[in-house]
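The following paragraphs lead through one protein model, strand by strand and helix by helix. Please keep the sequence and the coordinates in view while reading.

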Amino acid sequence: MAMIIKAPQVLIKGQFQPAEILIKAGKIAQIAPQIAGGSKPVVEFSDKVIVPGLVDVHVHLREPGLTDKETIHTGSLAAAHGGYTTIAAMPNVDPVPDTPERIAQMQELNQRTGVVHILQYASITKRRQGHELGDYPQLKAAGAFGLSDDGSGIQSAQVMYQAMQAAAQAGLPLMAHVEDHSLLNQGVMNAGPMAQRLHLPGIPEVSETAQLARDLELAAATGVHYHACHLSTARSVELVREAKRRGVAVSAEVTPHHLLLDDSMITDDNPLWKMNPPLRTLADRQSLLGGLFDGTIDMIATDHAPHTARDKGDSMINSAFGITGLETSFALLYTHLVQPGICSLEQLIQWMSTNPAQVFNLTDAGQIAVGQPADLTVLDLQKTTTIKVSEMKSKGKNTPFANVPVHGQVVRTMVAGRWVDLEEE
């Protein structure tokens with residue numbers, strides 16, 4: 001059914017303007033200051049803002065095999081609740097999607113049970129064990145969006161070199177979790193004064209930067225599109241910046257929590273603050289934000305990592321790494337970056353929607369334009385609320401942002417012309 005959506009502020013080609021949007025058969029058919037309605041229903045958001053649906057290239061949906069933590073359905077509902085219309089699911093599930101048959105099965109499951117667009121990663125190595133490569137051309141033909149062993153770094157330089165060569169030849173981006181396992185020291189938070197004060201083992205920054213430096217050299221030698229996941233240190237930003245100057249085909253992401261939190265805020269042994277990579281220092285956090293502004297870091301991705309209460313345990317020592325992010329990210333970033341004037345709303349949407357779509361050549365995402373799928377996020381920038389885990393659609397309630405006040409809220413989410421937000425579900 002056709003409909004017209006109108007609002008005083010619609011983000012089109014990077015600029016806000018009043019507009020009406022005609023939607024037919026799930027796509028945007030016309031954009032104009034005024035559209036003759038006829039018998040078409042008109043949905044007016046008189047005091048709201050409409051932006052392109054948000055895009056998250058780094059999400060953990062846990063299905064199959066880990067459905068006590070999350071399912072494709074609950075994870076996609078959480079995405080819609082947070083304003084995301086396109087997400088990319090990591091392959092650390094059981095069984096691992098490391099064959100064309102399993103990728104095809106994941107594609108079918110994603111489409112059947114998800115309420116947003118879901119892209120699917122295949123693993124870099126079989127069973128994500130870091131040794132044997134899969135058949136990348138066949139994985140791509142079966143629908144794989146990219147390659148990742150996220151959750152584990154590739155420990156062998158030879159394996160990573162061969163994977164990059166094969167990924168470049170297949171035309172698939174390679175998403176790297178950069179982490180040298182030999183340098184982790186069984187750590188649970190950033191190595192430094194706070195870890196010492198809490199008597200917790202620390203993870204040194206070199207566990208990230210040493211492998212990132214190796215990978216950037218290998219990427220330069222192979223020409224692969226190399227994407228560095230969840231950067232956490234100032235030195236990592238410097239390494240990516242220098243690689244981009246040299247013409248290496250590298251892109252990078254940062255999470256909302258690494259932009260907004262640092263290890264000085266960890267005042268007790270609280271598993272909700274355990275994440276991988278860990279929260280680093282205030283100086284690292286400031287460098288990550290600087291990397292966004294100068295283009296070294298291309299996008300914000302949540303690394304949404306839901307866990308059960310049991311998984312999080314009672315101490316960082318015996319709990320799982322990771323926090324949720326799909327439902328909290330926009331409001332937190334709007335509150336702490338846009339409202340204080342650190343960045344504009346246009347810049348924030350660039351990092352959360354337009355850039356990830358452009359970097360990964362997602363031609364049907366990241367913009368409001370005629371012929372595009374009607375993937376829209378409606379924002380109420382006047383709304384003040386508090387983050388409540390009881391209102392989350394994700395199975396995972398593991399967030400250090402519980403009960404934090406925020407300004408600005410996602411109020412409706414449309415995917416391919418259909419409202420899929422919290423109220424409808």
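In which sense do β1 and β2 pair, and over how many bridges? The model is a predicted one, and in it these two strands pair in the antiparallel sense, over eight bridges. Together they form a hairpin with two residues between them. Lys 13, in the turn, has a positive phi of about 50°. Gly 14 is also found in the loop between β1 (3-12) and β2 (15-24). With a relative accessible area of 44%, Gly 14 is partly exposed. Its C-alpha lies 8.7 Å from that of Ile 349, although Gly 14 and Ile 349 are 335 residues apart in sequence.

Strand β1 has further partners. Three bridges join β1 to strand β4 (residues 42-44), and these two run parallel; here Ile 5 has Val 43 as its bridge partner. β1 also pairs with strand β5 (residues 49-52) in the parallel sense, over two bridges. Val 10 appears in two of these pairings: Val 10 stands opposite Gln 17 in β2, and Val 10 stands opposite Ile 50 in β5. How many of the ten residues of β1 are buried? Seven are, so the strand is largely enclosed by the rest of the structure.

A second region to follow is an open sheet of eight strands, with parallel pairing and the order β6-β7-β8-β9-β10-β13-β14-β15. Its edge strands are β6 (54-59) and β15 (299-300), each of which pairs on one side only. Within this sheet, β9 (residues 146-148) and β10 (residues 174-176) run parallel and are joined by two bridges. Leu 147 has Leu 174 in β10 as its bridge partner.

Helix α4 (residues 157-170) contacts several of these strands. Its 14 residues should span 20 Å at 1.5 Å a residue, and its end C-alpha atoms are 20 Å apart, which agrees. Which residues of α4 are buried? They are Val 159, Met 160, Ala 163, Met 164, Ala 167 and Ala 170. Viewed down the axis of α4, these buried residues fall within an arc of 130°, so they line one face of the helix. They pack against α3 (136-141), β9, β10, α6 (206-222) and β13 (226-228). On the other side of α4, Gln 158 and Gln 169 are exposed.

The side chains with rings complete the account. A pair of aromatic rings is described by the distance of the centres and the angle of the planes. The model holds five aromatic pairs. One of them joins Phe 293 and Trp 351 edge-to-face, at 5.3 Å centre to centre with 90° between the planes. Phe 293 lies in helix α9 (residues 282-293) and Trp 351 in helix α12 (residues 345-359), so this pair ties together parts that are 58 residues apart in sequence. The two members differ in exposure: Phe 293 is partly exposed, with a relative accessible area of 37%, whereas Trp 351 is buried, at 6%. Elsewhere, ring pairs link Tyr 121, Phe 145 and Phe 360 into a cluster.

Charged side chains also meet aromatic rings. Lys 274 lies over the face of Phe 321, at 4.4 Å from the ring centre. Arg 412 has its charged end over the ring of Trp 419, 4.4 Å from the centre of that ring.

Technical notes: Residues numbered from 1 in each chain as written. Predicted model: local features only at pLDDT ≥ 70, side-chain atom pairs only at ≥ 80, totals over all residues. Heavy atoms only, no water. Helix = DSSP H or I, 4+ residues; strand = E, 2+ residues; numbered from the N terminus. Buried < 20%, exposed > 50% of the residue type's maximum accessible area, 1.4 Å probe, protein only. Pairing = 2+ DSSP bridges. Phe/Tyr/Trp six-rings, centres within 6.5 Å; stacked < 30°, edge-to-face > 60°. Lys NZ or Arg CZ within 6 Å of the ring centre and 35° of its normal. Expected span 1.5 Å × (residues − 1). Arc of directions from axis to C-beta. Contact = heavy atoms within 4.5 Å.
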